[in-house]
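Trainee: Could you take me through one part of this model in close detail? I would like to look at the cysteines and the helix and sheet that go with the tour.

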Amino acid sequence: MYDSRSKGDGQPLDAASTGGFVFVKNEAGIPPADIREMFELSRTFFGSPTAVKEECSINSNKSGENRGWLSMHTETLDPAHQERGDFKEAFNIGEYIDNRAQQPLPPPLVPYEDRIGAFFAACHALCNRILRLFAIALEIPSTAGGPSWFAAHHEPSSGPSGSVLRLLYYPSVANHSPDALDIRAGAHSDYGSITLLFQLPGQPGLEILTGEGWRGVPADPAGVIPASGSKDGSSNGVEAGDGEGKGDAGGEALPILVNIGDLLSYWTHGLLRSTVHRVVFPTPPASPSTSLTPRPSASATASPPVSASPLETSSADRYSIAYFCHPLDDARLVPVPSPLVAELARADGEDDQRRPPDGAKTAREHLNERLAATYGAVGKGKGRGEEKGEAV
């Protein structure tokens, strides 16, 4: 687990180059009370009547580009293998301008527009801190941008990007009766640079694809926060302890899971590996889950929605929050000026970096193509205002 206060060494690069993800201690990142507040807002919103959520549907012209509410089965993250969309709801919040949302917010969230914007900004700042550590570890020379190389490609004041704050809701199995065609989130890798994933104690279900198959990722790798962190003792609560971020047993706040996205993988010739992952349904307790093995396979293969962690019960709703950090729309997908990346490319016998399979030259072109695959006809050839969705 990595400390977000670190000034930089090889530790985050080693973890990201083998497993494609890093657990980051949140000691000096985002206040745990702010994270809990976002979970509270999320639960309130998703508990609203459908008519309230539809006011800000992602299909609405008012919501616009990759913003708004996605109803159940709207998104299909593994279109090559899924016959039905993902068993979840989501709400996408795009970039703020002058501290204001550029989309209509539903009534439950309107009073908290400033707080949501501050959380969005804090997530982006933490991403830039992590990307700075990667730049240092990649030994990017100062003449080429040095530790600020990634930050310069993720500077909000320089132009728009595809960055999105996403609230996620996975309804309980007991209340919605999924069948064999359902999966909470199909196998995929994230589209951007890095993703921050905030989770709740006792709500696992995330799996990554390794060279040995699917392996569960614990929500609480250190095992320091009790699953019954809510006021009523249920595992789907969003208040775990006091305002200082300590669990009921005095443990630390949950660490933040950082996923490596496709663009960072392309930029580094695969030295930093994007993580193929999915979210599965809970299953009754059986045998202890297999330990996590790093270094996911380069390609995703379909697998039935089984083998979820036994720690989550079928009666519990699952909530998570993801911040998808994307570079500026016009950022070119050129190799990072790193001697480590250049050495890897030479070892592979290639003159250039690994390219996106869609042939994209910029971050926006790549995002458009990925969204087109996720939503069928939506994406390719469409304007920014007609795009939808993002990975989990």
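**Cysteines, a helix and a sheet**

Mentor: Happily! Keep in mind that this is a predicted model. Let us begin with C127, which counts as buried because its relative accessibility is 0%, under the 20% cut-off. C56 also counts as buried, with 2% relative accessibility. A search of the whole structure turns up zero disulfides. C127 is accordingly in no disulfide, and the nearest cysteine sulfur, that of C325, lies 4.1 Å away. A disulfide needs the two sulfur atoms within 2.5 Å, so that pair does not qualify.

Next, helix α4, which covers residues 113-137. With 25 residues at 1.5 Å a residue, α4 should span 36 Å, and its end C-alpha atoms are 37 Å apart, so the two values agree. After α4 comes E139, with a positive phi near 60°.

Now turn to the open sheet, where four strands are arranged in the order β8-β13-β10-β11 with antiparallel pairing. The edges belong to β8 (185-188) and β11 (213-216); each has a single partner strand, so one side of each is left without a neighbour in the sheet. On average, neighbouring strands of this sheet are turned by 25° against each other, direction ignored. For a closer view, follow strand β10 (residues 206-210), which is joined to β11 by four bridges, the two running antiparallel. Within that pairing, L209 has W214 of β11 as its bridge partner.

Key. Residues numbered from 1 in each chain as written. Predicted model: local features only at pLDDT ≥ 70, side-chain atom pairs only at ≥ 80, totals over all residues. Heavy atoms only, no water. Buried < 20%, exposed > 50% of the residue type's maximum accessible area, 1.4 Å probe, protein only. Expected span 1.5 Å × (residues − 1). Pairing = 2+ DSSP bridges. Axes fitted to C-alpha atoms, helices over the stretch in contact; angles between N-to-C directions.
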